[in-house]
Structure formats: structure tokens, C-alpha cells
Amino acid sequence: MMNARWNGRVEMFRNFLWKTLGFVGYTIQYGCIAHCAFEYIGEVVVCSGPSMEPTIVNHDVVFSERMSRHLCKIQKGDIVIAKCPFDPHMNICKRVIGLEGDKVCTSDPSDLFKAHTYVPKGHVWLEGDNLRNSNDSRNYGPIPYALIRGRVCLKLWPPHSAGTLNGSPTRRIIKTQSDSDSD
Amino acid sequence: MSPSIPTATGRMGVLGQKKEEKRWRHGREKSEEEEEHEEKSPKNPQQKIIKRVIGLEGDFIRTLGYKNRYVRVPDGHFWIEGDHHGHSLDSNSFGPVSVGLLHGRASHIIWPPNRWQQIKPSLPPNRGPLDTGEEEG
């Protein structure tokens, strides 16, 4: 009788062990899929700060997709999430004003004499939509393209302004000959 | 970067490297100096380059062929150099590099088998950061 009880307990323990291993296996599987999704497909981002008003305001939730960045298809006028060049733990959300080789205006719109510069190879020029209250490439210069993490394609919250995002309200993007040819 | 590691561009399959997130090593920031790091090139986002870290943020570096003779490495950046100075595309050409471009740390050489070794952190002679105490002395 002792043997039967002992066997019963061993059986229960074995079942429990298999269930736990099964659970751990599923967790690892879903963890890997989730990681691949966040790394290669897209992620949800909560934005803070006033530098992209009125397009994106404080506490808005947006979805940023990663495919454009991996395929190098980021274009002028896209809103991107990038790693801050001066603090690798922080992210910044700005609009792309110029790609490599483009001419960008470095002076304020209110300045009498306009200064221009060309974006170097492998870099992009970012500016916030709220020009008066934005710390961007006008302060720290162009940033390497590889710091870009993703392109913001959809606003998810608040619901009354959810959907795709508008184009640049600031008219800082200088259209080149090749842009007008492709239109 | 000879003789330690030949310049690696594009795929990094032959070099065994641990992908280390910067935040895990926050407490040991100073010990990362002198190590070889693999990172995305600031000139070509699809290329990875492998160089040695010579200076961290806040260090003063005496440069070899850069537009300024002395450079203070800005916050969130580091100064990288290849071991073979004459033939190296490194910070002496394009300046300090943002830490966000760091991809991983090269820890071992795994191919060819006769070069199997651990890559140890070591600063080349005369390439260390300048101490302001020595400058005044």
C-alpha cells in the first residue's frame, strides 16, 4: 500500500513538471516572437514634451514602424523616433527635414540673412514642428542615420485625433529638383 | 586595423561577439575604455566597423590628423581609433561617435582556428586621455 501511494505522488510530480516545462516553453516562444515583432515590425511609443506641437502633443501615444528604417526608406517629411545623440538611453521624436546631400536652412525664419548648409553623408537633419520650443538639429547638428529607430506612422491616442499624421506645418523642407521630378 | 583584427565591413559572421546593451554596464563605464567595439559606421548606416575605444565622454584626447589638435569628447559620445593609424577610418576622420551607434563588444576571435584568442582590453601606448594634472605640470 505504501508503494501505491508513493507511485501516485511520483506520477503527480511528473505531471506537474511536464506542465511547468510546457509553460516555460510557450513563454520562451512567445517572448521570441514578441522580441522579433518589436525589433523588426513596430512598437508603441508614448510621447512627451512640446517640441512636435501641434502634430503630436504631450502624452500622445503613437505607433512607429521599423521596416522603413531597416530598408532605408525614410523620406523627407517623415516623423521619426531616434536615439538622442547625447544620451543613448533617451529617445527623441522629430521630423526629417533633410536627408544626406540636401540643403537645409540653419538660421531662424525670423533672421534677415539666411544661412544654409548641406547634410553630410550618412546623416539626417531633424527639426521639431514647434520651432520655438524644440531642441533639434539646429542646436546639435545633423545626426547619423543609424540612430533612427523607427518611423511614426499612426497616432493611437487620444481618440479624437487618432489616425495618420499631417505633413510639416513649418515649410522648412527645401524641395530639390529631383523631388519635383518624381512628383 | 592590423595586426590584431583585419578591417571588417558588412557581415560580421567570423567574429564572435557578445551583443551587450549599454545599460547593463552602466556601473562599469570606466572599464569599457580600451576595449574593441563593433558599431554602425556614422558615414554609411549599413556598414559596421570595428575599432578600439580610446576615450569616453569627458576625456581630453590628443588627435592624429583630426581638424582640431585636442578634443574633449562630448557627452554620450566616444572616441574610437583603429590600431593601424595610417590606414584607419576612425574618429580621426569623422570625429567623436555617438554611443547610440554601438552595436556590440568584440570579445573573441573564433576564425581562423590558429588565431583563436580572447580580445583583451588594452590601450596602445601614448593614446590615453590627457590628464589635466600632467598638462599643468
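Trainee: How much area do chain A and chain B bury between them?

Mentor: In this predicted model, chain A and chain B bury about 1,200 Å² between them, with 67% of it on carbon and sulfur atoms. Buried area is the accessible area (1.4 Å probe) that two parts lose on being put together, summed over both.

Trainee: Which residues of chain A lose the most area to chain B?

Mentor: Those are A:F86, A:H89 and A:A146, which together make up 34% of what that side buries.

Trainee: And how many residues does the contact take from each chain?

Mentor: Chain A gives 15 residues and chain B gives 15 residues; contact means heavy atoms within 4.5 Å.

Trainee: How many salt bridges and polar contacts cross over?

Mentor: The rule finds zero salt bridges across the interface of chain A and chain B, where a salt bridge is a side-chain nitrogen of Lys or Arg within 4 Å of a carboxyl oxygen of Asp or Glu. Two residue pairs are in polar contact there, both at pLDDT 80 or more. A polar contact is a pair of N or O atoms within 3.5 Å; within protein, one must be able to donate a hydrogen and the other to accept it, and residues adjacent in sequence count only if both atoms are side-chain atoms.

Trainee: Switching topic, which residues does the UniProt "active site" annotation cover?

Mentor: According to the unreviewed UniProt entry, A:S51 and A:K94. Such annotations may be inferred rather than shown by experiment. The two span 44 residues in sequence, yet their C-alpha atoms are no more than 7.9 Å apart, so they gather at one spot.

Trainee: Are they buried or exposed?

Mentor: A:S51 counts as buried at 14% relative accessibility, and A:K94 counts as buried at 5%. Buried means under 20% relative accessible area, exposed over 50%, partly exposed in between (1.4 Å probe, protein chains only).

Trainee: Where does A:S51 lie?

Mentor: A:S51 lies in the loop between β1 (42–46) and β2 (61–65) of chain A, while A:K94 lies in strand β4. Strands here are DSSP runs (E, at least two residues), numbered from the N terminus.

Trainee: What does the side chain of A:K94 make with that of A:S51?

Mentor: A polar contact, at 2.8 Å. Beyond its sequence neighbours within four places, A:K94 is also in contact with residues including A:D78, A:E127 and A:Y140.

Trainee: Any notes on the numbering and cut-offs?

Mentor: Residues are numbered from 1 along each chain as its sequence is written, and chains are lettered from A in the order in which they are written. Local features need pLDDT of at least 70, side-chain atom pairs count only at pLDDT 80 or more, totals for chains, interfaces and linings use all residues, and side-chain values use heavy atoms, leaving out hydrogens and water.

How values were computed:
Helix = DSSP H or I, 4+ residues; strand = E, 2+ residues; numbered from the N terminus.
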